[in-house]
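Reader: Please take me closely through one small polar site and its surroundings, giving the cut-offs behind each term as you go. I would like the answer to proceed from the site outwards.

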2 protein chains.
Amino acid sequence: MTGTRPPTHEGERPAGGGRERRARQAYDPSSLVEVAARVFNERGYDATSMEDLSAAAGITKSSFYHHVRGKEALLRAALERALDGLFGILDEPAASTGSPLTRLRHIVRRQVEVLAAELPHVTLLLRLRGNTETERWALERRREFDATITRLVRDAQVAGELRAGSDPAVDARLLSGLVNSLVEWYRPGRMAVDALVAEVDRMAFEGLRAQVPADDGRAS
Amino acid sequence: MTGTRPPTHEGERPAGGGRERRARQAYDPSSLVEVAARVFNERGYDATSMEDLSAAAGITKSSFYHHVRGKEALLRAALERALDGLFGILDEPAASTGSPLTRLRHIVRRQVEVLAAELPHVTLLLRLRGNTETERWALERRREFDATITRLVRDAQVAGELRAGSDPAVDARLLSGLVNSLVEWYRPGRMAVDALVAEVDRMAFEGLRAQVPADDGRAS
DNA sequence: CGCCCGACCGAACGATCGTTCGCCTGCAGA
DNA sequence: TCTGCAGGCGAACGATCGTTCGGTCGGGCG
């Protein structure tokens with residue numbers, strides 16, 4: 001009903017690429033994951049059929065299975081990409097250098113950038129319900145990431161860099177909730193990523209109320 | 001797999017109620033909606049089967065249909081409850097009295113309370129994808145609510161009560177995102193609602209950074 | 001006491017799901 | 001030119017979905 005079939009043919013076929021010996025599939029290596037992530041987000045994972053996915057890729061359902069192992073494998077690949085992006089932030093030098101607040105702000109700002117760059121994949125990650133083993137695995141890794149944020153918020157509060165009198169765990173959840181809520185409305189091209197980073201940073205640490213700017217947010 | 005069947009029998013049967021003539025169903029009027037909303041949130045709407053719902057209610061699937069019209073009707077009822085709660089806030093006198101910032105803060109604080117009181121129903125509302133007509137109708141009403149918030153944020157910024165130099169639409173989205181993200185982690189009993197309201201209010205308008213309190217948040 | 005009807009149930013419906021199978025086709029390499 | 005095979009297809013599989021149907025049961029009321 002009210003069909004929303006795009007004009008098929010997603011992306012262009014790699015013209016003459018894949019000259020290696022193990023050129024198993026010429027159609028696409030991970031571009032199908034990208035297509036799948038997009039459709040998953042539009043309809044929701046459970047409401048998305050393999051027919052929907054194959055149609056978005058421009059081939060039939062049975063052909064689709066020549067390139068992917070199954071629905072859950074697509075989900076896992078997309079989630080891995082999101083988690084790799086997020087955990088990659090924690091490996092950056094600036095994530096473990098300087099005061100707790102400096103590190104926290106770096107992570108938050110980079111998290112916004114990763115969110116924008118890997119929007120479909122991260123969106124998928126943030127909407128998991130934990131129905132399958134794959135989903136539970138991803139949720140567990142996500143909890144690890146959040147735990148790191150919580151520790152940093154706690155350290156920053158102890159150091160007197162964040163507001164006192166509140167539970168660091170609550171503050172960390174509010175902070176992560178603010179950042180993650182971007183996936184619900186931000187769309188690439190609608191707003192420069194730099195501007196988005198600045199807005200989120202200011203909102204998170206200075207709030208919405210009018211005030212004299214403290215020291216501005218030109219970090220790094 | 002890994003069945004999570006609760007010990008059946010949800011709530012208690014109304015002892016001797018339903019003495020009116022049109023006592024069509026004695027089992028439950030809207031308590032089934034509550035059960036459904038809870039299970040919908042655990043598994044996701046599409047991943048929830050009528051078997052799941054009826055089992056959570058303690059009866060078989062076919063018996064379940066003597067009390068409800070269908071899956072989508074349950075969803076609609078739950079969404080109506082959420083929307084009624086949210087729009088009820090806008091009808092309160094304090095929502096249209098005083099300065100824009102005063103009104104906005106009242107709405108935000110009340111929104112947190114409604115979120116906590118109607119947690120399963122609002123959670124359902126915030127996770128819609130728009131696959132069915134019912135979902136699109138609810139999304140449209142939700143957009144109306146958000147538009148009201150956006151107008152208020154704009155007015156408050158024009159009045160100099162909110163930070164300048166940022167797009168009011170973006171600020172409104174960040175604000176709503178912060179508030180709505182509560183459904184992802186807040187659970188009743190884990191934290192007093194009053195404390196939650198205070199934390200969110202302070203986070204939204206003052207931010208996380210340590211600072212001297214401006215005028216405190218004892219509104220109304 | 002006997003009937004009536006709301007509550008409840010087992011079984012089955014057509015539809016759709018994710019996945020598999022057998023077959024066709026067009027072209028790259030011998 | 002012949003051939004192998006990756007890429008693509010239609011049809012069908014068992015399972016599960018939301019929903020319906022016919023029937024049983026038991027307690028309140030005439």
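Author: The side chain of B:Ser181 reaches the backbone oxygen of B:Leu178 at 2.7 Å, where a polar contact is a pair of N or O atoms within 3.5 Å, one of which, within protein, must be able to donate a hydrogen and the other to accept it, while residues adjacent in sequence count only if both atoms are side-chain atoms. The model is predicted, so local features are taken at pLDDT of at least 70 and side-chain atom pairs at pLDDT 80 or more, whereas totals for chains, interfaces and linings use all residues. Residues are numbered from 1 along each chain as its sequence is written, chains are lettered from A and ligands numbered from 1 in the order in which they are written, and side-chain values use heavy atoms, with hydrogens and water left out.

B:Ser181 lies in the loop between α8 and α9 of chain B, helices (H or I, at least four residues) and strands (E, at least two) being DSSP runs numbered from the N terminus. At 9% relative accessibility, B:Ser181 counts as buried; buried means under 20% relative accessible area, exposed over 50% and partly exposed in between, with a 1.4 Å probe and protein chains only. Once residues up to four places away in sequence are set aside, B:Ser181 touches A:Gly177 and A:Leu178, contact meaning heavy atoms within 4.5 Å. Within its own chain, the C-alpha atom of B:Ser181 is separated by 9.2 Å from that of B:Leu126, 55 residues apart along the chain.

Both chain A residues touched by B:Ser181 are among the buried residues of α8(A). Helix α8 of chain A covers residues 168-180, which makes 13 residues, and reaches 18 Å from its first C-alpha to its last, close to the 18 Å expected at 1.5 Å a residue; the expected span is 1.5 Å times one less than the number of residues. Because 11 of the 13 residues of α8(A) are buried, this helix is largely enclosed by the rest of the structure. The buried residues of α8(A) pack against α5, α6, α7 and α9 of chain A together with α8 and α9 of chain B. At the N-terminal end, A:Asp167 caps α8(A), with a side-chain oxygen 3.0 Å from the backbone nitrogen of A:Ala169.

One of the residues in contact with α8(A) can be followed into α5 of chain A, where A:Gln111 is found. A:Gln111 is buried, with a relative accessible area of 5%, and, apart from residues up to four places away in sequence, touches A:Leu86, A:Ile89, A:Phe145, A:Ile149, A:Val179 and A:Asn180.

The two chains are related by symmetry. Chain B can be laid on chain A with an RMSD of 0.0 Å by a turn of 180° and a shift of 0.0 Å along the axis, which is the relation of a two-fold axis; copies are superposed by least squares on the C-alpha atoms of residues with pLDDT of at least 70 in both. Of the residues of chain B, B:Gly207 comes closest to the rotation axis, its C-alpha lying at 1.9 Å. Since 100% of the interface residues of chain B are also interface residues in chain A, the copies meet through the same surface.

Among the helices of chain B, α7 (residues 133-158) has 26 residues and reaches 38 Å from its first C-alpha to its last, close to the 38 Å expected at 1.5 Å a residue. The buried residues of α7(B), including B:Phe145 and B:Ile149, pack against α4, α5, α6 and α8 of chain B. Just after α7(B), B:Gly160 takes a positive phi of about 80°.

The wider setting is helical: chain A has 9 helices and 0 strands, and buried residues make up 47% of its 220 residues. The largest nonpolar core, a set of buried Ala, Val, Leu, Ile, Met, Phe, Trp, Tyr and Cys residues joined through side-chain atoms within 4.5 Å, has 130 residues, and those with the most contacts inside it are A:Phe64, A:Leu104 and B:Leu104. Helix α4 of chain A gives the most to this core, with 10 residues. Among contacts in chain A between residues at least 6 apart in sequence, 64% join residues at least 24 apart.
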